[in-house]
Amino acid sequence: MATIFSRIINGEIPCYKVAEDEKNFAFLDINPLAEGHVLVVPKTETDYLFDLSDEDYTSLQLFARKVAKALREAVPCKRVGVAVLGMEVPHAHIHLVPLNSESDLDFRKPKLQLTPDRMKQIANLIAEKL
Ligand code: AMP
């Protein structure tokens, strides 16, 4: 069965899309740690990030860097933090999270609840910087 991320990429499930290229897709995390929390996902359905082929892994990392640069311009922050968990969704992905302090990357923290309008606005702000 297709993963939830494949279903998002295929347009079967809605998302707040940020960017897409031939091999990769980026959208807002629905339970964000911070405004602008983005997931960067390879279109190929591989569970574990480090099992991707060299080509797909490199492509994903280069794509993540582009998105992270746009994210930093769109959402003021000291740094964009990078995390790989994969505890919930078995489809490789990289979390990009705007950081102002170390604790902003603490996944045990309660997640933000943003309105659909705000999520759309943030996704558009990042997309505009790409
Ligand atoms: P993990 O697999 O541990 O890296 O966590 C998966 C992440 O995907 C979590 O932060 C979820 O909030 C996020 N997530 C799950 N379903 C969706 C969805 N439909 N749209 C956006 N983000 C999602």
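Visitor: Which elements each supply at least two residues of the lining of the second largest pocket?

Guide: α2, β4 (79–83) and β5 do. Note that this is a predicted model. α2 gives the most to that lining, with six residues.

Visitor: What makes Gln61 a lining residue of the second largest pocket?

Guide: The cut-off is an atom within 4 Å of a pocket point. Gln61 is in the lining, so it has such an atom. Arg65, Lys69 and Ile94 are also among the lining residues. The space in this pocket is about 160 Å³.

Visitor: How is the lining of the second largest pocket divided by class?

Guide: Six residues are nonpolar, one is polar and three are charged. Arg counts as charged, and Arg72 is in this lining.

Visitor: What is the volume of the largest pocket, and which residues are closest to its centre?

Guide: The volume is about 470 Å³. Of its 23 lining residues, Asp29, Ile30, Asn31, Leu39 and Glu88 are closest to the centre. The lining has 15 nonpolar, five polar and three charged residues. α1 (4–9) gives the most, with three.

Visitor: Why is Val18 called buried, as a residue of the largest nonpolar core?

Guide: Core residues must be buried, and buried means under 20% relative accessible area. Val18 belongs to this core of 27 residues, so it falls under that cut-off. α2 gives the core eight residues, the most of any element.

Visitor: How do you know that leucine 96 touches Val80?

Guide: Contact means heavy atoms within 4.5 Å. Leucine 96 is in contact with Val80, so the pair meets that limit. Val38 and Ala64 are among its other contacts.

Definitions and conventions. Residues are numbered from 1 along each chain as its sequence is written. This is a predicted model: local features need pLDDT of at least 70, side-chain atom pairs count only at pLDDT 80 or more; totals for chains, interfaces and linings use all residues. Side-chain values use heavy atoms; hydrogens and water are left out. A nonpolar core is a set of buried Ala, Val, Leu, Ile, Met, Phe, Trp, Tyr and Cys residues joined through side-chain atoms within 4.5 Å. Buried means under 20% relative accessible area, exposed over 50%, partly exposed in between (1.4 Å probe, protein chains only). Helices (H or I, at least four residues) and strands (E, at least two) are DSSP runs, numbered from the N terminus. On a 1 Å grid over the protein atoms alone, a cavity is a set of points where a 1.4 Å probe fits but cannot get out, and a pocket is an open set with protein on both sides within 12 Å along at least five of seven lines; lining residues have an atom within 4 Å of a point. Grid points are joined across faces, edges and corners, and a volume is the space filled by probe spheres set on the points. Lists of a residue's contacts leave out its neighbours within four places in sequence.
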